[in-house]
Amino acid sequence: MRSKLLIILFLGMILILYTFDSVHNSSTRFTSSEDKTAAKNVVNHTDQDQGLVRPIVLGFSQLGSESAWRNANTISIREAAEEAGIELHFEDADQSQSKQFEAIRSFIKQKVDVIAIAPVIESGWEPILKEIKQAGIPLIILDRLVNVSDSSLYVTYIGSDFYEEGRKAGKYVIDKLSSKKEIVGIVELGGTEGSTPSIARGKGFRDVIKEHENLKILKSQAADFTFAQGKQVMKSFLNKMGNEINVLYSHNDDMALGAIEAIEEFGLRPGKDIIIVSVDGTNKAFEKMAEGKINSVVECNPLLGPNLMQAVNELMQGRSLPKRIVTPESVFTETMALEEVGKRKY
Ligand code: GZL
C-alpha cells in the first residue's frame, strides 16, 4: 500500500514539473520572438527618444548618367555615403524631371531623414518641393539649382559657380586671340536646355566677350551634355559655316570630345584650325589637351560626395548650414595638361 502511495506521489511530482516546464518554455518561446520584434522596435524608437546611433537615411535623386562628370559625381556620392555610414537610397532619373518627382515621392513614403536632389533643369520644382516641406523632410540641392520663389523650401545649395566658369572660358578666348583684329567666329555647344550650368555658363561667357566686338558668336545650340549630340551638332555647324569657325566653346568635355571627332572628319585640325575651350576637366579632356586638340579646360568639380554627407550629418545634428556652399575650381591650359593627365580623379 505504502509503495503504491509513493509511486502515485512520484508520478504526480513528474506531472507537475512537466506541466510547469512546458508552460514556461512556450511563453519563453513567445516572449523571445516578441523580444526580437520588441527589440527591433525598441531600437528604432530608442533612436528617436534616446538618440542611440542608427544610420541616417538619405534619399538622393540623381538626374542621370549623361556624362563622365555625372558618373564621377555618382561615384563620389556613393563612396562618401559608405564612408559616412549614411544609408543611401539612390535613384537615377535618366535626365527625366518626372522620374525625379517619382523618386522624391518614394523617398517621402519611405520617411527618409534627408532628401537631396541634383535637378536636371531649373523650372517646375515649386509643387514637389512643397510636398517635401509638408512631409517635414529637410532638402539639400546639389550641383544644379532650382528656380523657386521661396528659397526656404531647401536648406542649402551645394555646387559650382557656373557663371564664373563661363567667364573663365571667355577670358581664355580673349587672351588666346588677343592679337586678332579681324572677326573671330565662335560656335557654342550648350548643355541641357534650361539647366543651371547651361544658362550660367552661356551668360558668363557672353558677359566677358561682349567687350570685344570682333569676337562673334555665329551659332549656339543645345547638345544635352552628351558626346553623341556634341558630335552631331558640331557636324551641322561645320556643314553650314565650316571655314568661318575659329573657336568652339563647349559647355562640357563630353560634347567637346564628340565635336573633335566631327572636326577631324570634316578635315580640320581641332586645337589648331578651331580653338577649343571646354568645361569639366575630365581625364579624357586632359588627354586631348596633351595631344593639342583641346586648348583649355575650365574645371567643374564633380566630387561633391563629401560635401553632401557633411551637410547631411550637420543637418541631423541640428546645426545650421549656409544657404550656399560653392565648390573650389581652377582653369587648365595646354601647358599644364601633361602634368595633370592621369592625376585626375575623374
Ligand atoms: C555641372 C554639371 C554638368 C557637367 C556636365 O555641375 O551639372 O552636367 O558640366 C554634366 O558634364 O552632364
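**Exercise 1. Work out whether D143 is buried or exposed, and say what is unusual about its backbone.**

Start with the accessible area: D143 has a relative value of 3%, so it counts as buried. The cut-offs are under 20% for buried, over 50% for exposed and partly exposed in between, with a 1.4 Å probe and protein chains only.

Next, place the residue. D143 belongs to the loop that runs between β4 (139-142) and β5 (156-159). Strands here are DSSP runs of E with at least two residues, helices are runs of H or I with at least four, and both are numbered from the N terminus.

Now the backbone: D143 isn't a glycine, yet its phi is positive, about 75 degrees. Most residues other than glycine have a negative phi.

A word on the ground rules: this is a predicted model, where local features need pLDDT of at least 70 and side-chain atom pairs count only at pLDDT 80 or more, while totals for chains, interfaces and linings use all residues. Residues are numbered from 1 along each chain as its sequence is written, and side-chain values use heavy atoms, with hydrogens and water left out.

**Exercise 2. Find where D94 lies and decide whether it is buried or exposed.**

Look between β2 (87-92) and α3 (97-110): D94 is in that loop. Its relative accessibility is 53%, so D94 counts as exposed. Check phi too: D94 is not a glycine, but its phi is positive at about 55 degrees.

**Exercise 3. Describe what surrounds the ligand.**

Step one, count the neighbours. There are 13 residues around the ligand, and the closest are E66, S67, D143, R144 and D280; a residue makes the list if one of its heavy atoms lies within 4 Å.

Step two, sort them by class: five are nonpolar, two polar and six charged. Asp, Glu, Lys and Arg count as charged, Ala, Val, Leu, Ile, Met, Phe, Trp, Tyr, Cys and Pro as nonpolar, and the others, Gly among them, as polar.

Step three, go through the distances to ligand oxygen atoms. A polar side-chain atom of E66 is 2.5 Å from one, and for R144 the distance is 2.7 Å. D280 has a side-chain N or O atom 2.5 Å from a ligand oxygen.

Step four, check the cover. On its own the ligand has 320 Å² of accessible area, and the protein covers 100% of that. Which elements give two or more residues to the shell? They are α2 (68-84) and α6 (196-209).

**Exercise 4. Trace the side-chain contacts of E188.**

E188 sits in strand β6 (residues 184-190). With 2% relative accessibility, E188 counts as buried.

Its side chain makes a polar contact of 2.6 Å with that of R206 and another of 2.5 Å with that of S220. A polar contact is a pair of N or O atoms within 3.5 Å; within protein, one must be able to donate a hydrogen and the other to accept it, and residues adjacent in sequence count only if both atoms are side-chain atoms.

**Exercise 5. Compare the settings of two serines, S198 and S236.**

Take S198 in helix α6. At 11% relative accessibility, S198 is buried. A polar atom of its side chain lies 3.1 Å from the backbone nitrogen of G191, and a 3.4 Å polar contact joins the side chains of S198 and H251.

Then turn to S236, in helix α7 (residues 227-241). S236 has 22% relative accessibility, so it counts as partly exposed. C-alpha to C-alpha, S236 and A262 are 9.2 Å apart in space, and 26 residues separate them in sequence.

Definitions and conventions. Accessible areas come from the Shrake-Rupley method with a 1.4 Å probe; for residues, only the protein chains shown count as cover.
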